[in-house]
Amino acid sequence: MTREDLKAIFVEELTGIAPEIEGLKIQDSDNIQEKFDLDSMDIYNLLAALHLRLNIDIPDSDAPRLLTMNDALEYLLEKISE
């Protein structure tokens, strides 16, 4: 799976959690929680959706590693290559 594949999945799952984000530009360095006013439950739901979609374990303690697109993609690439 490529970085672009993961980016598409991440954006799709994020917009599934917060549909108001659809069509908005997400910069690689944006903190998605701050920029889109997501609460901790939104982030938890995103982690759960990514877990199901990619079949990888994402501990709650790793949530801070998925708050920017860049960090999330690096994290997810690392997890799927384990």
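# Salt bridge exercises

Glutamate 13 is buried, with a relative accessible area of 16%. Keep in mind that you're working with a predicted model.

**Exercise 1.** Find out which residue glutamate 13 meets in a salt bridge, and how far apart the N and O atoms are.

*Solution.*
- Step 1: Look at the side chain of arginine 53, which meets the side chain of glutamate 13 in a salt bridge, with 2.8 Å from N to O.
- Step 2: Place the two partners. Arginine 53 sits in helix 3 (residues 40-54) and glutamate 13 in helix 1 (residues 3-17), so the pair, 40 residues apart, links distant parts of the chain.
- Step 3: Check the cut-off. A salt bridge needs a side-chain nitrogen of Lys or Arg within 4 Å of a carboxyl oxygen of Asp or Glu, and this pair has 2.8 Å.
- Step 4: Widen the view. Glu12 joins in too: Glu12, Glu13 and Arg53 are linked in a network of salt bridges.

**Exercise 2.** Sort arginine 53 into a class: buried, exposed or partly exposed?

*Solution.*
- Step 1: Grab the value, which is 37% relative accessibility for arginine 53.
- Step 2: Recall the limits: buried is under 20%, exposed is over 50%, and partly exposed lies in between.
- Step 3: Arginine 53 therefore counts as partly exposed, at 37%, while its partner glutamate 13 is buried.

**Exercise 3.** Work out which parts of the chain the salt bridge between arginine 65 and glutamate 78 links.

*Solution.*
- Step 1: Start with the contact: the closest N and O atoms of arginine 65 and glutamate 78 are 3.4 Å apart.
- Step 2: Locate both ends. Arginine 65 is in the loop between helix 3 and helix 4 (69-80), and glutamate 78 is in helix 4.
- Step 3: With their positions 13 residues apart, the pair links distant parts of the chain.
- Step 4: Add the accessibility. Arginine 65 has 37% and is partly exposed; glutamate 78 has 38% and is partly exposed as well.

**Exercise 4.** Describe the surroundings of glutamate 82: where is this residue placed, and which residue is its salt-bridge partner?

*Solution.*
- Step 1: Glutamate 82 lies in the segment after helix 4.
- Step 2: Its side chain meets that of lysine 79 in a salt bridge, at 3.9 Å from N to O.
- Step 3: Glutamate 82 counts as exposed because its relative accessibility is 70%, whereas lysine 79 is buried at 16%.
- Step 4: Now look further back along the chain. Isoleucine 56 is 26 residues from glutamate 82 in sequence, yet the two C-alpha atoms are 9.4 Å apart in space.

**Exercise 5.** Say how many salt bridges the structure holds.

*Solution.* The count is six, including the one between arginine 65 and glutamate 78.

Technical notes:
Residues numbered from 1 in each chain as written. Predicted model: local features only at pLDDT ≥ 70, side-chain atom pairs only at ≥ 80, totals over all residues. Heavy atoms only, no water. Helix = DSSP H or I, 4+ residues; strand = E, 2+ residues; numbered from the N terminus. Buried < 20%, exposed > 50% of the residue type's maximum accessible area, 1.4 Å probe, protein only.
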